[in-house]
Amino acid sequence: MIKYLKYNDIDFLKLCKKLEIEHKEVIKEQRDIGANCMNNLEKYKYVLVNYDNEIPNGIIALTEPVDGISEIGRVFVEHDYRNMGIMTQMLNEVELIAKANGAKKLRLCTYNRFVSAVKLYTRFGFREVKEKSETGFLIYMEKIL
């Protein structure tokens, strides 16, 4: 079950912290400079948390559209709940929210080492945007709505 919460909700914050830990484990070269998933949370107007019997297991956040573009961030599903369609449901939900608020595009940023995430976003209709990142690890993607 997906619940709409605020960016400072404790369940969202706990899963953001787990996301940050996972980022730092995967992106060892950026341990000191990247993946601070606790920063700038207030920019997310829409925060969705997925629950299994009151246990939070997945998150996704969305900004209000600016110039027709909403940004997706803080995308995470607990390991034991992966490959169960949770993120697909959550992506569908944020797409509906974005469209209802006038967004024409969705954007996100991920790491190239999160291969399964990149594959999911691609299946969902996102395409890589040719932007350079200062680290070389980041992939910027967008979907036209």
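Buried here means under 20% relative accessible area, exposed means over 50%, and partly exposed is anything in between (1.4 Å probe, protein chains only). All the views below come from a predicted model, where local features need pLDDT of at least 70, side-chain atom pairs count only at pLDDT 80 or more, and totals for chains, interfaces and linings use all residues. Residues are numbered from 1 along each chain as its sequence is written, and side-chain values use heavy atoms, with hydrogens and water left out.

**View 1. Thr-110, tucked into strand β5.** Thr-110 has a relative accessibility of 7%, so it counts as buried. Helices (H or I, at least four residues) and strands (E, at least two) are DSSP runs, numbered from the N terminus. Who does Thr-110 touch, once residues up to four places away in sequence are set aside? The list is Ala-117, Val-118, Tyr-121, Phe-137, Leu-138, Ile-139 and Met-141, where contact means heavy atoms within 4.5 Å.

**View 2. The largest nonpolar core, with 30 residues.** A nonpolar core is a set of buried Ala, Val, Leu, Ile, Met, Phe, Trp, Tyr and Cys residues joined through side-chain atoms within 4.5 Å. Ile-60, Leu-62, Ile-72, Leu-91 and Phe-126 have the most contacts inside this one. At least two of its residues come from each of β2 (46-52), β3 (55-62), β4 (69-77), α2 (86-100), β5 (105-111), α3 (115-123) and β7 (138-144). Which element gives the largest share? That would be α2, with seven residues. As background, nonpolar side chains tend to be buried together in soluble globular proteins.

**View 3. Leu-62 and its contacts.** Skip the neighbours within four places in sequence, and Leu-62 is in contact with Tyr-44, Lys-45, Tyr-46, Ser-70, Glu-71, Ile-72, Val-94, Ile-97, Ala-98 and Leu-106. Apart from the largest core there is another core, this one of 13 residues, including Cys-37, Ile-59, Ala-61 and Phe-76.

**View 4. Helix α2 and its buried face.** From first C-alpha to last, the 15 residues of α2 reach 21 Å, close to the 21 Å expected at 1.5 Å a residue; the expected span is 1.5 Å times one less than the number of residues. Buried in α2 are Ile-86, Met-87, Met-90, Leu-91, Val-94, Glu-95, Ile-97 and Ala-98. Looking down the helix axis, these buried residues fall within an arc of 165°, so they line one face of α2. That arc is taken over the directions from the helix axis to the C-beta atoms. Leu-96 and Ala-100, on the other side of α2, are exposed. Just past the helix, Gly-102 takes a positive phi of about 90°.

**View 5. Glu-142, a buried residue in strand β7.** With a relative accessible area of 16%, Glu-142 counts as buried. Which side chain does Glu-142 join through a polar contact? The partner is Lys-105, at 3.4 Å. A polar contact is a pair of N or O atoms within 3.5 Å; within protein, one must be able to donate a hydrogen and the other to accept it, and residues adjacent in sequence count only if both atoms are side-chain atoms. Leaving out neighbours within four places in sequence, the residues in contact with Glu-142 are Lys-105, Leu-106, Arg-107, Gly-125, Phe-126, Arg-127 and Val-129.

**View 6. Two asparagines with positive phi.** Most residues other than glycine have a negative phi. Asn-53, in the loop between β2 and β3, has a phi near 50°. At 70% relative accessibility, Asn-53 is exposed. Asn-83 sits in the loop between β4 and α2 and has a positive phi of about 60°. Asn-83 is exposed too, at 83% relative accessibility.

**View 7. Cysteines without a disulfide.** A disulfide is counted when a pair of cysteine sulfur atoms lies within 2.5 Å, and by this rule the count is zero. Is Cys-16 buried or exposed? Cys-16 is buried, at 0% relative accessibility. Cys-109, with a relative accessible area of 40%, is partly exposed.
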